[in-house]
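Please open the model in your viewer and keep the sequence panel beside it, since each stop on this tour begins with a selection.

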Amino acid sequence: MRNLLLLVAVACIGVGIYLGDVRLVMNKAVHICLECIGIG
């Protein structure tokens, strides 16, 4: 069961990377960080 869950998680990460979601997520994270420290 753990191996199946790990495989599904890795597959989902791979699909996200393939679809270009990494840049979108990082962009949102940077904006949230900048807002938290008062720069953005």
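Begin by selecting the cysteines and showing their sulfur atoms: this is a predicted model, and the structure holds zero disulfides. Cys33 takes part in no disulfide, and the cysteine sulfur nearest to its own, that of Cys36, lies 6.3 Å away. Why is the sulfur of Cys36 not bonded to that of Cys33? The two sulfurs are 6.3 Å apart, which is too far for a bond, because a disulfide calls for a pair of cysteine sulfur atoms within 2.5 Å. With a surface display switched on, Cys33 proves to be exposed, at a relative accessible area of 51%, and Cys36 is likewise exposed, with a value of 67%.

Next, select residues 2-19, which make up helix 1, and look along the helix from one end to the other. Helix 1 has 18 residues and reaches 26 Å from its first C-alpha to its last, close to the 26 Å expected at 1.5 Å a residue. How many of the 18 residues of helix 1 are buried? The count is one, so that helix 1 is hardly covered, buried being taken as under 20% relative accessible area. Just after helix 1, select Gly20, where the backbone takes a positive phi of about 85°.

Stay with helix 1 and pick out two of its leucines. Leu4, which is placed in helix 1, is exposed with a relative accessible area of 52%; Leu6, also placed in helix 1, is exposed as well, at 54%. Now add Met1, Leu7 and Val8 to the selection of Leu4, and colour the four together: they form a nonpolar patch on the surface, with about 470 Å² of accessible area together.

For a distance across the model, select the C-alpha atoms of Leu6 and Glu35, which are 29 residues apart along the chain and are separated by 34 Å.

Finally, zoom out until the whole chain is in view and switch to a cartoon display. The secondary structure comes to two helices and zero strands, and the C-alpha trace spans about 45 × 20 × 5 Å along its principal axes. Of the 40 residues in the chain, buried ones make up 2%. If you show the surface of the chain once more, about 3900 Å² is exposed, and carbon and sulfur atoms supply 73% of that area.

Key. Residues numbered from 1 in each chain as written. Predicted model: local features only at pLDDT ≥ 70, side-chain atom pairs only at ≥ 80, totals over all residues. Heavy atoms only, no water. Buried < 20%, exposed > 50% of the residue type's maximum accessible area, 1.4 Å probe, protein only. Patch = residues over 30% accessible without salt bridge, like charges linked within 9 Å, V, L, I, M, F, W, Y side chains within 5 Å. Areas by Shrake-Rupley, 256 points an atom, 1.4 Å probe, with all protein chains shown as cover. Salt bridge = Lys/Arg side-chain N within 4 Å of Asp/Glu carboxyl O. Helix = DSSP H or I, 4+ residues; strand = E, 2+ residues; numbered from the N terminus. Expected span 1.5 Å × (residues − 1).
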